[in-house]
Amino acid sequence: MSVEKLFNRKDIIDVLNSNSVEERRDILDYLLTLDDIADYVEEVCNCIADEDKGIRNSASMLIINNQPGEAAKHIVKFVSSKNITLRNLAGEILIKLGAKAVDTLIQYNCEKNDDDQKFMIDVLGLIGSESAAEHILSILSTTENDNVVLACIEALGNIRYDNAVEILLLLYDRSELYKPSVVEALGKIGSAKASRFLLDKYPAEDELTKYSILESLGYLGDVDTYFFLLEQVVDIHGPLVWPLITSIFILKEKYGLDIPFDDKMKNLLMYTLQEGTAEHKKIALSLINVFNDKDILLESLKYIGEDDELDEIIRSKIYRNPEYLFEEINKILVENPDKLRQLLNLFYSVLTFVCTDNGQLNISLIQKRNIIHGISEYLDHHDEEVRRAGMEILFVLDFESAILFVDSMVQDENIWNRLRLVELLEFTDNQEANDALEKLSKDEDEMVRERVDQILSSRKQNEIYPITK
């Protein structure tokens with residue numbers, strides 16, 4: 001049945017309830033073009049349980065895009081499904097429905113088993129509406145299931161419900177199981193009383209709870225908390241370093257405070273870079289932006305290319321301290337073969353930045369010679385981007401030295417590398433560049449030959465280094 005032949009609500013509903021996958025897909029595609037699907041909400045909602053993935057996706061999109069008021073009451077029943085995929089899909093849709101789903105979730109939740117109740121509380125917490133807070137507190141006061149309790153604690157934190165602080169403080173000592181979740185929730189809510197409470201508890205706690213406390217103090221704490229955290233730098237070790245560094249950074253940014261930099265702080269940052277998670281590395285690299293320490297900065301180069309934000313922090317720091325890279329570039333490249341492309345591109349951008357900013361490179365002849373020797377080794381590398389970056393670096397570093405390797409460059413198997421070589425030679429008005437271009441004028445690729453011919457013709461017309469036959 002084609003969509004054009006559907007004239008009334010009954011026809012559409014009949015197709016949505018039919019066994020034809022193709023016709024149901026067509027109808028759902030048609031409904032996606034409508035501004036209002038109120039007449040078909042129940043049938044569309046039932047389609048999220050369809051065996052066909054395309055139908056499930058279209059139905060989900062319809063519900064999320066149209067946000068029909070009655071959708072939640074038809075979707076909520078699927079959270080009790082034994083099909084985990086369907087259950088999770090229902091949860092995602094309810095979260096997208098947001099405040100419209102809260103009342104339905106509360107009503108459905110009251111009579112369900114512990115698993116369903118936990119799932120409902122999780123969804124309410126992720127919706128984040130304060131209107132669900134009292135209901136969650138009522139569940140918390142009556143349930144005896146630890147998983148439900150933990151879900152309630154987490155949800156109250158996600159909602160950031162101020163009136164839950166006193167209850168959460170009482171729960172802290174009820175069970176060791178609750179402590180990390182209580183601390184995390186208090187951190188999200190934020191409270192001076194909670195901050196003082198956690199500072200008092202910190203010395204006697206195990207490492208897992210200390211981890212949670214340190215992580216939360218960045219959001220809860222004040223200037224006094226900041227100095228407390230700095231005091232921990234002396235004795236901190238292992239994974240506790242990561243939340244400590246994170247909270248120090250958060251409070252530093254919040255209150256515009258200075259961070260003392262000594263060997264102990266340096267060691268913590270190095271440890272975080274080497275062992276921390278991606279987010280902790282990012283915080284450490286942000287702190288590196290405050291300090292001018294060669295060892296830390298060179299260590300950070302190992303993580304170039306893993307995250308755009310981290311790359312920008314590293315790049316900006318290297319731009320201010322290019323001498324570190326000039327001194328160590330060959331060693332860095334040898335020690336990080338899997339990052340050759342990223343490191344060479346970074347080195348090229350630093351060289352061009354310094355030359356543009358200062359007009360000259362402040363490096364010794366010995367440094368320059370060593371760099372040229374090291375970089376030239378990559379002109380025969382198997383990775384075309386590595387070869388291209390090496391070629392670009394040599395031309396920026398020292399044109400006369402780059403010309404010594406031009407025979408290798410003109411034979412590069414990658415056409416785009418040879419075209420890049422033409423670009424590098426184009427605006428250099430000396431005989432060596434002209435000779436190199438003559439070699440490229442015989443290139444096997446027509447595009448390269450045409451570009452070189454344009455340049456040589458222009459030079460001939462302007463009587464710049466006449467072409468020798």
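User: Helices (H or I, at least four residues) and strands (E, at least two) are DSSP runs, numbered from the N terminus. Where does Asp-412 lie?

Analyst: Happy to help! This is a predicted model: local features need pLDDT of at least 70, side-chain atom pairs count only at pLDDT 80 or more, and totals for chains, interfaces and linings use all residues. Residues are numbered from 1 along each chain as its sequence is written, and side-chain values use heavy atoms, leaving out hydrogens and water. Asp-412 is found in the loop between helix H26 (406-410) and H27.

User: Does Asp-412 count as buried or exposed?

Analyst: Buried means under 20% relative accessible area, exposed over 50%, and partly exposed in between (1.4 Å probe, protein chains only). Asp-412 has 10% relative accessibility, so Asp-412 counts as buried.

User: Which side chain makes a polar contact with the side chain of Asp-412?

Analyst: A polar contact pairs N or O atoms within 3.5 Å; within protein, one must be able to donate a hydrogen and the other to accept it, and residues adjacent in sequence count only if both atoms are side-chain atoms. The Asp-412 side chain reaches the backbone nitrogen of Asn-414 at 2.8 Å. Its side-chain partner, at 2.8 Å, is Arg-387.

User: Are H27 and H29 roughly parallel or roughly antiparallel?

Analyst: Axes are lines fitted to C-alpha atoms, for helices over the stretch in contact (heavy atoms within 4.5 Å), with angles from 0 to 180 degrees between N-to-C directions. Under 35 degrees counts as roughly parallel, over 145 as roughly antiparallel, 65 to 115 as roughly perpendicular and the rest as oblique. The axes of H27 (residues 415-426) and H29 (residues 446-461) come within 10 Å and cross at roughly 10°. Therefore, relative to H29, H27 is roughly parallel.
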